[in-house]
Amino acid sequence: MAFMAAAATAPSSSSSPLQLHKHAAARRSAPALLLRRPRSRSHRNQLVCSLDATKQAVQEERPAAVNGVAGRTDCYGVFCTTYDLRAVGARWRTDWCKRDEETKAWKKVVSVAVSGAAGMISNHLLFKLASGQVFGPDQPIALKLLGSSQRSFQKLEGVAMELEDSLYPLLREVSIGIDPYEVFQDVEWALLIGAKPRGPGMERADLLNINGQIFAQQGKALNAVASRNVKVLVVGNPCNTNALICLKNAPEIPSKNFHALTRLDENRAKCQLALKASVFYDKISNMTIWGNHSTTQVPDFVNARIDGKPARQVIRDTKWLHEEFTKTVQKRGGELIQKRGRSSAPSTAVSIVDAIQSLVNPTPEGDWFSSGVYTNGNPYGIEEDIVFSMPCRSKGDGDYELVTDVTIDDFLWERIKKSEAELLAEKRCVGHLIGEGEEELCEVTEDTMLPGEQ
Ligand SMILES: NC(=O)C1=CN([C@@H]2O[C@H](COP(=O)(O)OP(=O)(O)OC[C@H]3O[C@@H](n4cnc5c(N)ncnc54)[C@H](OP(=O)(O)O)[C@@H]3O)[C@@H](O)[C@H]2O)C=CC1
Ligand SMILES: O=C([O-])CC(=O)C(=O)O
């Protein structure tokens, strides 16, 4: 794993951050006064604004920065840059202390792991995370980027360099690696995006198996090294079953902390209702996606509201609701792939932001959001022990409760059961990954499709 540090409050220099680092490293052999860039506000206070700063800095100095090599925990780049205070001068010291004043209200750094960090979705998401858009403008962040192979390590370095060059003040640390046991150390959030796409000729069962292995391993790693209250959002497909595999392999982490992303589907459903009702998106509320993130998902127009009124009072076209709306949402991902040639990435990143924000902010009164969550005592009569998208509310503490005041009519129920059956079939395919039987029990149905597959 390699470390980098945010350039935002680094001293000004005509060198690039990487050059700056090399310069600092070159100076290291001289008995110069070196200061490693501190990572937290309180740490920075100690190092920069107190009289003992320089002494302590010299004691704390880490080994020379080295460009990252997979499997090594060396650091490079501006995140682990050492600074020569005498060279930088008094003016910079003053600025830093002033900045420290400005950041007094900052919270403790939140540590967020992202797998598939060199992929398309992460390409959008990481910059939203680093900017403060997700966790808030007073929330410094450490990003831990996970790739899958030696080959992807170089790509991760490129991603890290772009983060470095973005000068985000809240980005306190970036580390990259390919070993989940290293990358997930003490993380408070794990956004599991990395997964293999289904290749030509690959059976659905093969995809479940290949990606399932990834999520079994990552579940084990989270179980071993992550924060005991880590929140896990599984994006990589098939995300519901991957989330199930992940949580089953992490028995020491509450199952309730695991989510499969169905927020993109919720956003798509809101968009379609807004379009049909000719209202702005923010008028659509109480939108549930039931079930699997697949073409069997059930976008719920029965409980959805438009401008506070039941959707069916505003949209009188029942045929459209039953047929077109449902199918459009179910197949939106596939349609997009046909038009764009690749699966949705920016809108998925936005929906990941929405999903996190729904957990870290209180849900607006009377509203709810959808998430694929573990069915353990659910009030709807859905089979237990699967990951199923359902309506949730949060107090903003990272946790959620299921919403109980929903109506499930025959139309919804019939479709919910179909999605449930699909998830049960997927679960039978991954029995060997969750300690419940053999792969041979796998029988995938025609309906078992990702939104991107048609
Ligand atoms: N739930 C939802 O709503 C949606 C889910 N998705 C799913 O999200 C996933 C990612 O999509 P996208 O970013 O576009 O895909 P990309 O192919 O662009 O990126 C996937 C990334 O995952 C990495 N990866 C593969 N295996 C692992 C592993 N074991 N650990 C860490 N990283 C790994 C790959 O890099 P490398 O192999 O080089 O490490 C690659 O960088 C897909 O499964 C897609 O189907 C997409 C849209 C919506
Ligand atoms: O199938 C995919 O990879 C894309 C996907 O999940 C979606 O767009 O909803």
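**Close-up views of a predicted model**

**View 1. The loop that holds P238.** P238 lies in the loop that runs between strand β8 (231-234) and helix α10 (239-248). The structure shown in this and the following views is a predicted model. The peptide bond that leads from N237 to P238 is cis, and its omega angle is near -5°.

**View 2. The loop that holds D307.** D307 is placed in the loop between strands β13 (305-306) and β14 (309-310). Its backbone has a positive phi of about 55°, although D307 is not a glycine. Is D307 buried, exposed or partly exposed? D307 has 14 C-beta neighbours inside 10 Å, and it therefore counts as partly exposed, since a buried residue would need 20 or more such neighbours and an exposed one would have 12 or fewer.

**View 3. The loop that holds D385.** D385 is found in the loop between strands β15 (369-374) and β16 (387-393). Although D385 is not a glycine, its phi is positive, at about 70°. The surroundings of D385 include 15 C-beta neighbours inside 10 Å, so this residue counts as partly exposed.

**View 4. The contact of helices α11 and α13.** Two packed helices are described by the angle between their axes and by the distance between those axes. The axes of helix α11 (residues 263-277) and helix α13 (residues 318-340) come within 9 Å and cross at roughly 140°. Helices α11 and α13 are therefore oblique to each other, because an angle has to be over 145 degrees to count as roughly antiparallel. The crossing of α11 and α13 is right-handed. Which residues meet in this contact? On the side of α11 they are D265, R268, A269, Q272 and K276, and on the side of α13 they are W320, F325, T328, V329 and R332. By character, the residues of the contact of α11 with α13 divide into four nonpolar, two polar and four charged.

**View 5. The surroundings of ligand 1.** Around ligand 1 there are 29 residues, of which G116, G119, S148, S152 and G194 come nearest. Which helices each supply at least two residues of the shell around ligand 1? They are α6 (120-131) and α7 (150-165). The shell around ligand 1 is made up of 13 nonpolar, 14 polar and two charged residues.

Note on methods:
Residues are numbered from 1 along each chain as its sequence is written. Chains are lettered from A and ligands numbered from 1 in the order in which they are written. This is a predicted model: local features need pLDDT of at least 70, side-chain atom pairs count only at pLDDT 80 or more; totals for chains, interfaces and linings use all residues. Axes are lines fitted to C-alpha atoms, for helices over the stretch in contact, and angles run from 0 to 180 degrees between N-to-C directions. Helices (H or I, at least four residues) and strands (E, at least two) are DSSP runs, numbered from the N terminus. Angles under 35 degrees count as roughly parallel, over 145 as roughly antiparallel, 65 to 115 as roughly perpendicular and the rest as oblique. A crossing is left-handed if the near helix is turned anticlockwise from the far one by less than a right angle, and right-handed if clockwise. Two residues are in contact if their C-beta atoms, placed from the backbone, lie within 7 Å. Ala, Val, Leu, Ile, Met, Phe, Trp, Tyr, Cys and Pro count as nonpolar, Asp, Glu, Lys and Arg as charged, and the others, Gly among them, as polar. A residue is near a molecule or strand if its C-beta atom, placed from the backbone, lies within 6 Å of it.
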